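User: Could you take a close look at one part of this structure for me? I'd like the ligand site first, and then whatever sits around it in the rest of the chain.

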Amino acid sequence: MYRTKFSDHLVLILGSLFLCMPVVVAFMTSTHTAADIHMNGLSLAWGDNFIATYEKVLTQKGGFTGDITGARMVMNSLILGVGFAIGKILLSMMAAYAIVYFRFPMATLSFWVIFTTLLLPLEVRIMPSYQVMSDLGLLNTYSGLIVPLLASATGTFYFRQFFKSVPEELLEAARIDGAGPFKFFIDILVPISRTMIAAIFIIMFVYGWNQYLWPMMMTTDESFFTLMRGIKSILQVWVGSNIPDYNEAFALAVLAMLPPVAIVVIFQSWFIKGLTESDK
Amino acid sequence: MAAIDISSVGKIYNGGVRAVTDIDLDIKDGEFIVLVGPSGCGKSTLLRMVAGLEAISEGTVKIGDRVVNEVEPADRDIAMVFQNYALYPHMTVRQNLEYGLKNRKTPKAEIDARVAEAARMLEITQYLDRKPRALSGGQRQRVAMGRAIVRKPAAFLFDEPLSNLDAKLRVSMRGEIKRLQRRLGTTSIYVTHDQLEAMTLADRLVVLNGGKIEQVGSPLDVYHTPASTFVASFIGSPAMNLVKAELQGDRLAIGPSQISLNGYAPTSGAVTVGLRAEDLRVVSSAEGMPFTVEYVEELGSQRLAHGLVGDQAVTIALSGEAEITDSMRLSIDPSKLHFFDAETGRRLDVRAPATAVAAVAEPVA
Ligand SMILES: Nc1ncnc2c1ncn2[C@@H]1O[C@H](COP(=O)(O)OP(=O)(O)OP(=O)(O)O)[C@@H](O)[C@H]1O
Ligand SMILES: [Mg+2]
């Protein structure tokens, strides 16, 4: 048997320090005052401004119009992340179901057409998307934030591959058991896809949560600002002799990390199962 | 319970592959039919057409007195057992058994009663609340059978249900399937490529070859009077020896040796002769065919000697204690010979001669 040596631990410790330090530094720095940070730079020591900073970030109304709080931004980001993940899963499961289980003319062609949208991320089609949303009057709405992001093939692709690996006999047994297309989908396909759904939920949630460019274009009304925009706007106030609120930016960044981390930790076991093990 | 009437059924898959040709088969109510044949001969295709999982390209299938060509699988009143069990992995055993009944809006009390009965019959009562993942292969197979039984269908369709099990379990499950079918009296069609399974289960055996019926008959009929060299080589283990020979009047020439037929010759000229390994006997007289042994297989109760008669491969089966030397002489009762047309491979029938009785009563050795 292999005996772990001191050097093995050393490598691992260095690796985890390398990954963790920036987060620790960000958190520690956020507990100092802005002036302190401006003079002394980043800090590894605990400051005495923790409560004040976080309270301010979460509750103080900021922005130009002064009606957006950190809590509101967290909320907006959550709506975007969760809404996007759920919408994506619904759409892509149904699309994959149609492509895999129904024989319709040009099914393969439609799959590849959907698939090529992978090559066109939102950023490429951002102007036309904006135009469409604007014509539909969906600027500054949650639907406008979420819907254009839904149109991409990642989820459909994953679910297609998964459905294709489900043994054909399961469908045949269900047909003999009197399950129609709708019942088969709800009673059998959805339950056996649940680890896959969990995995895709995490990936999509993080993707939605991290959106920056699209929300920035879409929303001019500050009550729709997401966390990512909030962090940016704090650092934009470098006017006159003002010191940017470094501590608040760091605090927001730390806050922005928490929900994705929480989701990954909670769904971790499911997530790994979904990506590696097929439960059939 | 119902009879199944398959008439002139054929299947052409998309892309023009012809899998099954002109199958006629009348299955009586309660009969156990086994479809047997080598891989790719169209057994599953035929079964799946009866099940409704595959469209019927030609001919008609009747279950009871209803033509079911256009009927959905669920409405054909059949149940199917698959090779890989096809249990719903996320449901418990009980839910697996209940699912088909629930979809048919069976009353709850009736469902419970039927599930309990099937579980008792198959001895899976203690597993009812487990997921299929937590069962062994044999137990999963029982659940799959249970799922078929609870429906009380007109017919059971089995597609190689035992081929994922180990040899010993296969034998015991085989017995169980037979017993259950007897007890329930449900018409059954069973697909297998294992000739032993086919022989032991079938009321009637259907041997398929290249999408066509080669022979239909009771297992013993098929064994004793194979209709063609294909059936002869497929049914029985070890496979029947098929050798080229020449009929010269009342004598049969196999290579250099001659066998006197005592009037059993069906025709004259070149034929293929079938000799069952267990019908060949070792004799000491110089009359017998010379046989050189190449190697011996020990089966415990039997010893199989593989070797050559002339230049043709022949296998003989001897009792466990029999002595085997490098070269021996063989003889066979002429009434045990099978003759096949040298070209077509079809059986050539022998009309038993009047003298045959005497020949049988007086063994050569
Ligand atoms: N979906 C299909 N499309 C085209 N050809 C098919 C299809 N399914 C089966 N075939 C062909 O039909 C023939 C019969 O197939 P079938 O599955 O009935 O064989 P089988 O007797 O069940 O064999 P096995 O013992 O291997 O299961 C084969 O030649 C096969 O290649
Ligand atoms: Mg098959």
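Analyst: Sure. Keep in mind that this is a predicted model.

Let's start with the site. Ten names make up the surroundings of ligand 1: Y13(B), A19(B), the run S39(B), G40(B), C41(B), G42(B), K43(B), S44(B) and T45(B), and finally E160(B). Sorted by class, that shell comes out as five polar, three nonpolar and two charged residues. Which element gives the most to it? That's helix 1 of chain B, residues 43–51, which puts three residues into the shell.

Now for the polar atoms that face the ligand. S39(B) has a polar side-chain atom 2.5 Å from an oxygen atom of ligand 1. With C41(B) the backbone does the job: one of its N or O atoms sits 3.2 Å from a ligand oxygen. E160(B) goes back to using its side chain, where an N or O atom is 3.2 Å from an oxygen atom of ligand 1. As for cover, ligand 1 on its own has 640 Å² of accessible area, and the protein covers 59% of that.

Moving on from the ligand, chain B also touches chain A. Here 24 residues of chain B meet 19 residues of chain A. About 1800 Å² is buried between the two chains, with carbon and sulfur atoms giving 57% of the area. Three salt bridges cross this interface by the rule used. One pair in a salt bridge is E72(B) with R175(A), whose closest N and O atoms are 4.0 Å apart, and the cut-off for such a pair is 4 Å. Polar contacts add to the picture, with twelve residue pairs found across the interface, both partners at pLDDT 80 or more. On the chain B side, strand 6 (78–81) and helix 2 (93–103) are the elements that give two or more residues. By class, that side has 13 nonpolar, six charged and five polar residues.

There are a few local details in chain B worth a look too. Over all chains, the count of salt bridges comes to 20. Within chain B, the side chains of K108(B) and D112(B) pair up in a salt bridge, 3.0 Å from N to O. Both belong to helix 3 (residues 108–122) and are four residues apart there, so about one helical turn separates them.

E123(B) is in the loop between helix 3 and helix 4 (137–150) of chain B. Its phi is near 55 degrees, a positive value in a residue that isn't glycine. Further along, a cis peptide bond joins S237(B) to P238(B), with omega at about 0 degrees. P238(B) itself lies in the loop that runs between helix 8 (229–234) and strand 11 (241–248) of chain B.

Methods
Residues numbered from 1 in each chain as written. Chains lettered and ligands numbered in written order. Predicted model: local features only at pLDDT ≥ 70, side-chain atom pairs only at ≥ 80, totals over all residues. Heavy atoms only, no water. Contact = heavy atoms within 4.5 Å. Buried area = accessible area lost by both parts, 1.4 Å probe. Polar contact = N/O pair within 3.5 Å; in protein donor to acceptor, adjacent residues only side chain to side chain. Nonpolar A, V, L, I, M, F, W, Y, C, P; charged D, E, K, R; others polar. Near = heavy atom within 4 Å. Areas by Shrake-Rupley, 256 points an atom, 1.4 Å probe, with all protein chains shown as cover.
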